[in-house]
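Okay, everyone, let's get going. I'll put the structure up and then talk through a handful of spots in it.

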Amino acid sequence: MSKYFITAIGNAIIDILAFAPDDFLQENNLNKGSMTLIDENHIKILSKLKFEKTSSGGSAANSVVNLSGFNVNNAFIGNVGSGNYGDIFHEDLRKNGVDFYCKNKTKFGSTARSFIIISPDAQRTMCTYLGDASHIENQIDESAIINSQILYIEGYIWSQEPVISALKTAIKTAKENDVKFAFSLSDSFWVNNHKEDFLELAQQADIIFANEEEIKALSSSSEVTLDSIKNIAPKNQNLDIIITKSSKGAIIFSSKEQKFYDIQAQKVDNVIDTTGAGDAFAAGYFYGLKNNFNISRAGQAGNLFASHVIQKIGGRLEAKDVENIKNQLDTNNNVE
């Protein structure tokens with residue numbers, strides 16, 4: 001038996017959430033719905049906002065924390081700095097039952113922070129100070145990977161050498177030990193910057209998570225079609241590509257079956273914040289895999305998890321959400 005269901009590698013980030021009108025975005029040259037990398041000077045400007053919530057975050061970390069709420073053992077590999085923010089991140093994972101692998105904290109103040117600005121229409125604009133978050137080349141513990149069923153890597157962590165080299169070694173370790181490899185494309189800008197590498201990863205992956213814009217970037221296509229998706233990794237018959245479509249649900253491409261599964265969206269009347277919706281979907285899909293759901297039902301579980309996250313501030317499920325999801329899964333024996 002593996003110690004962990006998932007070991008995830010990603011950016012260890014403190015999320016700082018605030019509401020702001022569209023005027024604030026325009027005044028600071030921020031594109032609504034985008035992710036912008038910022039420096040310490042921008043931190044000073046954004047720190048003037050009224051913060052609604054501060055918590056640990058990061059795409060892959062959100063996914064494994066949300067999944068751990070369902071009594072699933074997971075681990076997270078990341079890098080934080082010494083000081084308060086690093087301690088907050090570590091403690092948050094601990095209290096949520098996720099083992100944190102960070103061999104040596106880096107310098108004070110280097111913990112990554114993401115200012116998540118929520119607009120009146122619930123769109124979120126992320127301004128991220130990465131600090132030393134991506135420098136995980138010395139943090140990866142192979143024993144955590146070997147003792148897992150799935151290695152999950154977020155695209156955001158794919159930055160530069162020697163990080164990329166370390167990640168490739170982690171994937172090689174997973175493959176040599178029959179650990180499945182899952183990968184999130186994270187952002188269309190990131191895909192365009194690392195397309196050659198990401199296409200190579202698609203040849204090795206068992207699961208890819210993407211939204212429509214990200215998968216269009218990877219497939220070099222203006223539309224999401226069966227033919228464009230088939231051409232991403234034509235020789236990889238183990239690959240499932242999950243494509244989230246916001247309020248339109250999701251589609252899942254099975255390389256083995258060479259077809260799409262259409263996953264209907266959950267009805268949500270009160271969307272507050274879309275932060276972490278994709279991360280929650282991934283957690284729900286992983287929950288389905290853990291419980292031997294078929295592709296359709298795993299996708300429905302993904303939509304169910306995401307539907308709860310977007311009705312609150314931040315990317316994490318709360319205890320009442322976990323209970324509601326369990327009740328829906330147990331009561332219906334499907335997710336509708």
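What follows is a short walk through the core, a helix pair, some buried residues and a few backbone oddities.

Before anything else, please keep in mind that this is a predicted model.

Let's start in the middle. Which residues touch the most other members of the largest nonpolar core? That core has 62 residues, and the ones with the most partners inside it are Ile6, Phe76, Phe89, Ile117, Tyr152, Tyr285 and Phe286. There's another core lying apart from it, with 49 residues, including Ile77 and Phe253. As a general point, nonpolar side chains in soluble globular proteins tend to be buried together.

Stay with Ile6 for a second. Setting aside its neighbours within four places in sequence, Ile6 is in contact with a fair list: Val64, Leu67, Asn73, Asn74, Ala75, Ser148, Ile150, Tyr152 and Phe286.

Ser148 is on that list, so to speak of it next: Ser148 sits in strand β9. Buried or exposed? Ser148 has a relative accessible area of 3%, and because the cut-off for buried is under 20%, Ser148 counts as buried. Beyond four places in sequence, Ser148 touches Ser2, Tyr4, Phe5, Ile6, Thr7 and Val179.

Now the helix pair. How do α3 and α11 cross? Helix α3 covers residues 59-68, and its axis comes within 8 Å of that of α11, at roughly 45 degrees. The two helices are therefore oblique to each other, and their crossing is right-handed. On the α3 side, the residues that meet α11 are Ser59, Asn62, Ser63, Asn66 and Leu67. Facing them from α11 are Asp279, Ala280, Ala282, Ala283, Phe286 and Tyr287. By type, that contact has six nonpolar residues, four polar and one charged. Two of these names came up already, since Leu67 and Phe286 are both contacts of Ile6.

Next, a couple more buried residues. Asn11 is in the loop between β1 (4-9) and β2 (13-19). You might expect me to say a loop residue is out in the open, but Asn11 is buried, at 2% relative accessibility. Its contacts, leaving out residues up to four places away in sequence, are Gly57, Gly58, Phe76, Leu130, Ala133, Ser134, Glu154, Tyr156 and Ile157.

Met126 is in strand β8, residues 124-129. Met126 is buried too, with a relative accessible area of 15%. Among the residues Met126 touches are Ser34, Met35, Thr36, Phe115 and Tyr156. Tyr156 is also one of the contacts of Asn11. Then there's Lys95, 31 residues from Met126 along the chain, and the C-alpha atoms of those two are separated by 26 Å.

Last stop, the backbone. Where's the cis peptide bond? The bond joins Glu161 and Pro162, with omega at about 5 degrees. Pro162 is in the loop between β9 (148-154) and α6 (163-176).

We also have positive phi values outside glycine. Asp178 has phi near 60 degrees, and Asp178 is in the loop between α6 and β10 (180-184). Asn292 likewise has a positive phi of about 60 degrees, and Asn292 is in the loop between α11 (277-290) and α12 (295-309). Are these two buried or exposed? Asp178 is exposed, with a relative accessible area of 74%, and Asn292 is exposed as well, at 70%.

That's my tour, thanks for listening.

Notes
Residues numbered from 1 in each chain as written. Predicted model: local features only at pLDDT ≥ 70, side-chain atom pairs only at ≥ 80, totals over all residues. Heavy atoms only, no water. Helix = DSSP H or I, 4+ residues; strand = E, 2+ residues; numbered from the N terminus. Buried < 20%, exposed > 50% of the residue type's maximum accessible area, 1.4 Å probe, protein only. Contact = heavy atoms within 4.5 Å. Axes fitted to C-alpha atoms, helices over the stretch in contact; angles between N-to-C directions. Parallel < 35°, antiparallel > 145°, perpendicular 65-115°, else oblique. Left-handed = near helix turned anticlockwise from the far one by under 90°. Nonpolar A, V, L, I, M, F, W, Y, C, P; charged D, E, K, R; others polar. Core = buried A, V, L, I, M, F, W, Y, C linked by side-chain atoms within 4.5 Å.
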